[in-house]
Amino acid sequence: MADDYLVRIGKLIRDARQHRGWTQTQLADALGTSQSAVNRIERGNQNISLEMIARIGEALDSEIVSLGYAGPMHLRVVGGRRLSGAIDVKTSKNACVALLCGSLLNKGRTVLRRVARIEEVFRLLEVLNSIGVRTRWINDGVDLEIVPPAQLDLDAIDADAARRTRSIIMFLGPLLHRVDSFRLPYAGGCDLGTRTIEPHMIALRRFGLDITATEGLYHAQVERTTVPDRPIVLTERGDTVTENALLAAARYDGVTMIRNASSNYMVQDLCFFLEALGVRVEGVGTTTLTVHGVPTIDVDVDYSPSEDPVEAMSLLAAAVVTESELTIRRVPIEFLEIELAVLEEMGLDHDRSSEYTADNGRTRLVDLTVRPSKLEAPIDKIHPMPFPGLNIDNVPFFAAIAAVAQGQTLIHDWVYDNRAIYLTDLNRLGGRLQLLDPHRVLVEGPTRWRAAEMMCPPALRPAVVVLLAMMAAEGTSVLRNVYVINRGYEELAERLNSVGAQIEIFRDI
């Protein structure tokens, strides 16, 4: 084992030297040693101290080995294994981040139950902590307690953490009620092409919020005399823009009507949370929301976000592509009915339990059992629509499912500029996907998957689709730098292993 590490360190040193453009002799001169000694080090044939590694790193201006820092996480996947047993769906990523932003409305203590421990949540907690909000994991790390300060220190905001999450945009709605002017870093997240925030600006302008953008920051100014004197019509039926409008309306002392609102799962969870804060919301689940705001919210609230329908779809797709029988428990069926209807037409063999209620008391859940099926390509194209249509985030999973079906499937991902392009990464695993344009891809099935080593796509759902295909491919695959998966899934590799997958987590030295 020690010899293996010496070889790996040697390769890192050789790569850093070559990147610098140096010969072994030049590095030897900088270290005051011989060219033959450098050669032995690079071949892993010489013991090397931490002091020498540090000297080499300084000479090459390269951090050869990081101490106290966890490098990028990679996955080694032994594919071709069947899954079996049962697996629970975790709470919704998108609901949890909305509720974290919504906690800024409350002067009291907020407890969120079974919060997803994912990178997107961690980044928002870093931002909240930096501006003075106290957060801590309680009940053996299952639940999250949030206690705000009397005054937020927005000048101390953790800009690096904020730029790594698009969810920071949902700070705008709550903050406009707390301060007259503030700055926020530009929103980040997945690389999905141009994603304008103009719909947010149009909605929030009605509450007196004016935004200018300079040098990587949003500069916000609030005019208190401006109030929404007529219904707010959203120019885009987006999830986050609806949530931002809800968060702004929650503490407006009056009644706000929001039209063309998203009725998707995370919006409904936010509405239920606002009701727990004492804000009355009419029309939940429809495209017209009427919010009876309260100017001050100071309550101790305990809320349980519901399960994630996109994670449920991920697990369903895992069963399909690996030809497995798998029971997926706690599936929010209301938000998967269209997907299941399409899959039934393709020939999916499955059944579901009777419905029961999620911990929030409102969302309908079922247990879903999927069995190996002979699938046929759908007659119509796969394309997303706002809820109750096929979920935008579930479209990529149909690329993997279509790849194991007989025939051609057209997938039209019209919402995002780049995501269809990332789906063609499946070709490196044996898929036959033809990119017709940046939004449309033609999938030919069935597929004989093969193992490969590749970098993780920079978008969450396509990255998981690649992982699922690796699980179906005979042999050993490697998926490098899976931070984007950890943004949206809690311990996905470990949980898949619990039902029969063989996925090893590793990092470079």
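**Exercise 1.** How many bridges join strand 1 to strand 22, and in which sense do the two strands run? Determine also the other pairing of strand 1 and its degree of burial.

*Solution.* The model under study is predicted.

Step 1. Strand 1 is joined to strand 22 (residues 475–480) by five bridges, and the two run antiparallel. Within this pair, Gly79 faces Gly475 of strand 22.

Step 2. Strand 1 also pairs with strand 23 (residues 503–507), in the antiparallel sense and over five bridges. Here Arg76 is the residue that stands opposite Glu504 of strand 23.

Step 3. Burial is assigned under 20% relative accessible area. Of the seven residues of strand 1 (residues 73–79), five are buried, so the strand is largely enclosed by the rest of the structure.

**Exercise 2.** Describe the open sheet of three strands: its order, its edges and its turn.

*Solution.* Step 1. The order of the strands is 6-8-7, and their pairing is antiparallel.

Step 2. The edges are formed by strand 6 (181–185) and strand 7 (209–214), each of which pairs on one side only.

Step 3. On average, neighbouring strands of this sheet are turned by 25° against each other, with direction ignored.

Step 4. Five bridges connect strand 6 with strand 8 (residues 217–222) in the antiparallel sense. In strand 8, Leu217 is the residue opposite Pro185. As a general principle, the strands of a sheet pair through backbone hydrogen bonds, either parallel or antiparallel.

**Exercise 3.** Is Val111 buried or exposed, and which residues does Val111 touch?

*Solution.* Step 1. Val111 belongs to strand 3 (residues 110–112).

Step 2. The relative accessible area of Val111 is 1%. The cut-off for burial is under 20%, and Val111 is therefore classed as buried.

Step 3. Leaving aside residues up to four places away in sequence, Val111 touches Ile138, Asp143, Leu144, Glu145, Val301, Asp302 and Tyr303.

Step 4. Leu175 lies 64 residues from Val111 along the chain, and their C-alpha atoms are separated by 20 Å.

**Exercise 4.** Where is Gly132 placed, and what is its relative accessible area?

*Solution.* Step 1. Gly132 is located in the loop between helix 6 (119–130) and strand 4 (134–138).

Step 2. Its relative accessible area is 34%. Partly exposed residues are those between the limits of 20% and 50%, so Gly132 is partly exposed.

Step 3. From C-alpha to C-alpha, Gly132 and Pro148 are 7.0 Å apart in space, with a sequence separation of 16 residues.

**Exercise 5.** Which span does helix 16 reach, and how many of its residues are buried?

*Solution.* Step 1. Helix 16 (residues 460–472) comprises 13 residues. Its first and last C-alpha atoms are 19 Å apart, close to the 18 Å expected at 1.5 Å a residue.

Step 2. Helix 16 is mostly covered, with 13 of its 13 residues buried.

**Exercise 6.** Why does the radius of gyration of the chain agree with that of a compact globule?

*Solution.* Step 1. A compact globule of 509 residues would have a radius of gyration near 23 Å; the chain has 25 Å, which agrees.

Step 2. Along the principal axes, the C-alpha atoms fill a box of roughly 80 × 55 × 45 Å.

Step 3. The chain contains 18 helices and 23 strands, and 54% of its 509 residues are buried.

Step 4. Of the contacts between residues at least 6 apart in sequence, 73% join residues at least 24 apart.

Step 5. The exposed area of the chain is about 21,200 Å², of which carbon and sulfur atoms supply 46%.

Methods: Residues numbered from 1 in each chain as written. Predicted model: local features only at pLDDT ≥ 70, side-chain atom pairs only at ≥ 80, totals over all residues. Heavy atoms only, no water. Pairing = 2+ DSSP bridges. Helix = DSSP H or I, 4+ residues; strand = E, 2+ residues; numbered from the N terminus. Axes fitted to C-alpha atoms, helices over the stretch in contact; angles between N-to-C directions. Expected span 1.5 Å × (residues − 1). Buried < 20%, exposed > 50% of the residue type's maximum accessible area, 1.4 Å probe, protein only. Rg over C-alpha atoms; globule rule 2.2 N^0.38 Å. Contact = heavy atoms within 4.5 Å. Areas by Shrake-Rupley, 256 points an atom, 1.4 Å probe, with all protein chains shown as cover.
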